[in-house]
Amino acid sequence: MWKKKEINYTHSEFEAGVKQIVNNIRATGTEYSRIVGLVRGGLPLATRLSYILEVPITTITWSTRDFAEKEYNEIVAEDMNNGQKILLVDDIIDSGETIRQVIDTWGNFPEQNLSIASVSYTHLTLPTKRIV
């Protein structure tokens, strides 16, 4: 059974992480069509980025350990295949399994149309090179 690890992350640390992600995005000049926030942990970060970047947000429920519900969203894959840029957001990427599973549901799409953002990475071997 998975044992929950407590992580203390202050509001000011969160805002500093948001600022760094926004600066990284602006430095690349990438304009996203949609931010996809993973329910639960990714929603605060995705919502904050959506407000700052003025990009619509879509949510997807997906968890590999907290609950069994998984939600497929075919619109995201269609958007990427139509050339739109998507920013996939989660709070913490530890094993990378949640991100990997979500991306796998989207099938084949141009890799350059997907970027990933998180305030904490402990696992950097992800199925995309675009990590902001």
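This report describes the helices, the strands and one loop residue of a predicted protein model.

**Overall composition**

The protein contains four helices and six strands. Read from the N terminus, its elements follow the order α-β-α-β-α-β-β-α-β-β. Of its 132 residues, 39% count as buried. Contacts that reach far along the chain are well represented: among those between residues at least 6 apart in sequence, 63% join residues at least 24 apart.

**The pair α1 and α2**

Helix α1 covers residues 11–28 and helix α2 covers residues 42–53. The two pack at an angle of about 50°, and their axes lie 11 Å apart. Helices α1 and α2 are therefore oblique to each other. Their crossing is right-handed. The residues through which the two helices meet are set out below.

| Helix | Residues in the contact |
|---|---|
| α1 | Phe 14, Glu 15, Val 18, Ile 21, Val 22, Ile 25, Arg 26 |
| α2 | Pro 44, Leu 45, Arg 48, Leu 49, Ile 52, Leu 53 |

By character, the residues of this contact divide into 10 nonpolar, no polar and three charged.

**Helix α4 and its surroundings**

Helix α4 spans residues 97–105, and its buried residues are Thr 98, Ile 99, Val 102 and Ile 103. Viewed down the axis of α4, these buried residues fall within an arc of 125°, so they line one face of the helix. The general geometry of such an element is relevant here: an α-helix has 3.6 residues a turn, so residues three or four places apart point the same way. The cover over the buried residues of α4 includes four strands, namely β1 (34–39), β3 (86–89), β4 (92–93) and β5 (114–117). Just after α4 comes Gly 107, which takes a positive phi of about 70°.

**Gly 41 in the loop before α2**

Gly 41 is placed in the loop between β1 and α2. Is this residue buried or partly exposed? With a relative accessible area of 27%, Gly 41 is partly exposed, because buried residues are those under 20%. Leaving aside residues up to four places away in sequence, Gly 41 touches Asp 90 and Asp 91. Gly 41 and Val 89 are separated by 48 residues in sequence, while their C-alpha atoms are 9.1 Å apart in space. Val 89 belongs to the range 86–89 of strand β3, one of the elements that cover the buried residues of α4.

Conventions:
Residues are numbered from 1 along each chain as its sequence is written. This is a predicted model: local features need pLDDT of at least 70, side-chain atom pairs count only at pLDDT 80 or more; totals for chains, interfaces and linings use all residues. Side-chain values use heavy atoms; hydrogens and water are left out. Axes are lines fitted to C-alpha atoms, for helices over the stretch in contact, and angles run from 0 to 180 degrees between N-to-C directions. Angles under 35 degrees count as roughly parallel, over 145 as roughly antiparallel, 65 to 115 as roughly perpendicular and the rest as oblique. A crossing is left-handed if the near helix is turned anticlockwise from the far one by less than a right angle, and right-handed if clockwise. Contact means heavy atoms within 4.5 Å. Ala, Val, Leu, Ile, Met, Phe, Trp, Tyr, Cys and Pro count as nonpolar, Asp, Glu, Lys and Arg as charged, and the others, Gly among them, as polar. Buried means under 20% relative accessible area, exposed over 50%, partly exposed in between (1.4 Å probe, protein chains only). The arc is that of the directions from the helix axis to the C-beta atoms.
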